[in-house]
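Notebook open, model loaded. I want to go through the contacts one by one and jot down what turns up.

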There are 2 protein chains.
Amino acid sequence: MAIADRKRRAFEAREQLIIAEADDLLATNGYLGLNLDELADRVEYSKATLYHHFSSKEDVVLAVATHHAQHRVDYFMRACLHDGLTRERMLAFGVGDRLLSLQFPHGFPLYQLVRSPSIWTKCSDPRRAQYGKISSHCFELGIKVARDAADRGDLSEWSPDPEQIIWGLVSLSKGAHLLVEETEFEEHGDPMAHLFDNYDRYLDGVGWNPTSRDFDFEAARERVKTEVFGPEFAELLG
Amino acid sequence: MAIADRKRRAFEAREQLIIAEADDLLATNGYLGLNLDELADRVEYSKATLYHHFSSKEDVVLAVATHHAQHRVDYFMRACLHDGLTRERMLAFGVGDRLLSLQFPHGFPLYQLVRSPSIWTKCSDPRRAQYGKISSHCFELGIKVARDAADRGDLSEWSPDPEQIIWGLVSLSKGAHLLVEETEFEEHGDPMAHLFDNYDRYLDGVGWNPTSRDFDFEAARERVKTEVFGPEFAELLG
DNA sequence: GTATTTACTGACTCAGAGTCAATTTTTTAC
DNA sequence: GTAAAAAATTGACTCTGAGTCAGTAAATAC
């Protein structure tokens, strides 16, 4: 029915509005600074109306995190299409991840936050399921590239499973993003600065050919920046 | 003065009691389930008294996290003394880390929790400084082993800095501990199960000799379990 | 135009962190 | 030993902000 449809669209639009405002509040004031009375004021609806969309404050935060995670899926899908060796395609994931952290620096703390039990347990089931699905999707896109490498013979006979390789890469990324927050390590340099090199080393270690000593992955990354994420990097640096 | 000294000791003892009870509450009910009225009841002091020890609820949580982190320093110091190749010594850190996560499973979520801005910003400066110092200490113990490897010629001429190597290992650990919480990945196996292998692969990749294909690090880990963490593993396995 | 359903909200409750003036206990002074 | 002073402790309070709900307004159906 057309009327119900129009209503659904309006409802959906309002939800996006709420998410956008919440994102803004989270970016400027952090989780602590997110206050549902203020959010209600901003979107010009009552707080009770917010509760028609979200089951709790935490549910709002998860919705914002989900919104960011959708960008990630987009970037990783584009990385998957990158034309080149399987290792170059895998490396495009790393560039996409880094790009996200530059474009939306407050997004990463959110991923970590929503997974903490204090937040996660207060979110609605549908939203948790949706977030889980998006996370899995990202993961599976990575697996796909690793499997492709196995099929093409780019992996060695002593290489681990595709799954394990992706666990390793994801861990390196998550770990680095956690560590940049820990300010007392600043004197030891920037973990982010070494992240790309650590990806390379790890992939050398798992026997994904060619290795970083046979191939210029730094140049490959520059190619990804223009060929896969051209507009985004142009805007970022422009 | 003796009286002041006795008082200080009593104060310190009560603080430890509060931390122990808070740890227990956190282990059973999580951060959300930690309620200062209940905690005050448990330790048989008023809530106002708790505020003579801690600046906020978050400060209590940080104190508990610090308590756990002290175990970590102890374990890593013992790992440092392990008699063997530098890579075996480094690997002992990984075994210690794993042991901690088995003995105190709720400790790891705490490390992550206290670093989130929502918690961190509400903690007292002295406790933040203390926690930072302990974290740095752990980090530096790792660096020491990596430097030792460099001095002994166990690293290759193309190996990265000791700092970068430790960033990588810490990231792999932190990442794996984060990922086990993300239940939707269960079908892809247990990231913890691959953690040791990922350490090995990464260290192969950075050129730390001998590599896992020239040396049986699985056996080396068994040796660490008895020689470095004998009592703890004996108790753990019953 | 009226009845009915749906959408929205103002004014509330409630939990729990954090505070403080008053009280009790301990120490010091004589 | 006793009284004054200092330190430690707490019961009862405030205050914030998440979450609720009964009542009102708007949209739709007839």
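**DNA strand C.** I started with what surrounds DNA strand C in this predicted model. I get 16 residues around the strand, and the closest are S46(A), A48(A), L36(B), A48(B) and S56(B). Next I looked up which elements give two or more residues to this surface: α3 (47-53) from chain A, plus α2 (36-43) and α3 (47-53) from chain B. By class, I noted six nonpolar, four polar and six charged residues on the surface near DNA strand C.

**E44(A).** While in that stretch of chain A, I checked the backbone of E44(A), which sits in the loop between α2 (36-43) and α3. E44(A) isn't a glycine, yet its phi is positive, about 60°.

**Chain A overall.** I then stepped back to look at the whole chain. Chain A has 12 helices and zero strands. For its extent, I took the C-alpha trace along the principal axes and got about 60 × 50 × 40 Å.

**Chain A against chain B.** How many residues does each chain put into the contact? I find 44 from chain A and 44 from chain B. On the side of chain A that touches chain B, the elements supplying at least two residues each are α1 (2-33), α6 (107-115), α7 (117-120), α8 (125-152), α9 (162-179) and α10 (195-205). The largest share there belongs to α9(A), with 12 residues. I also sorted that side of chain A by class and got 18 nonpolar, 16 polar and 10 charged residues.

**Symmetry.** What rotation superposes chain A on chain B? I get 180°, with 0.0 Å of shift along the axis and an RMSD of 0.1 Å. The two copies are therefore related as by a two-fold rotation axis. I checked the contact residues too: 100% of those in chain A recur in chain B, so the same surface serves both copies.

**α5(A) and α12(A).** On to helix packing inside chain A. I looked at α5 (residues 86-103) and α12 (residues 230-237) of chain A, whose axes come within 11 Å and cross at roughly 35°. I have this crossing of α5(A) and α12(A) down as left-handed. From α5(A), L99(A), L102(A) and Q103(A) meet E232(A), F233(A) and L236(A) of α12(A). My class tally for the α5(A) and α12(A) contact is four nonpolar, one polar and one charged.

**α4(B) and α6(B).** Then a pair in chain B. Helices α4 (residues 57-80) and α6 (residues 107-115) of chain B have axes 9 Å apart and pack at about 130°. That angle makes α4(B) oblique to α6(B). The crossing of α4(B) past α6(B) is left-handed. I listed the residues in contact: V61(B), L62(B), V64(B), A65(B) and H68(B) on α4(B), with G107(B), L110(B), Y111(B), L113(B) and V114(B) on α6(B). Between α4(B) and α6(B) I count eight nonpolar residues, two polar and no charged ones.

**Cis peptides.** Last lookup was omega. In chain A, a cis peptide bond joins N209(A) to P210(A), with omega about -5°. I placed P210(A) in the loop between α10 and α11 (217-227) of chain A. Chain B has a cis bond between N209(B) and P210(B), where omega is about -5°. I found P210(B) in the loop between α10 (191-205) and α11 (217-227) of chain B.

Terms used:
Residues are numbered from 1 along each chain as its sequence is written. Chains are lettered from A and ligands numbered from 1 in the order in which they are written. This is a predicted model: local features need pLDDT of at least 70, side-chain atom pairs count only at pLDDT 80 or more; totals for chains, interfaces and linings use all residues. A residue is near a molecule or strand if its C-beta atom, placed from the backbone, lies within 6 Å of it. Helices (H or I, at least four residues) and strands (E, at least two) are DSSP runs, numbered from the N terminus. Ala, Val, Leu, Ile, Met, Phe, Trp, Tyr, Cys and Pro count as nonpolar, Asp, Glu, Lys and Arg as charged, and the others, Gly among them, as polar. Two residues are in contact if their C-beta atoms, placed from the backbone, lie within 7 Å. Axes are lines fitted to C-alpha atoms, for helices over the stretch in contact, and angles run from 0 to 180 degrees between N-to-C directions. A crossing is left-handed if the near helix is turned anticlockwise from the far one by less than a right angle, and right-handed if clockwise. Angles under 35 degrees count as roughly parallel, over 145 as roughly antiparallel, 65 to 115 as roughly perpendicular and the rest as oblique. Copies are superposed by least squares on the C-alpha atoms of residues with pLDDT of at least 70 in both.
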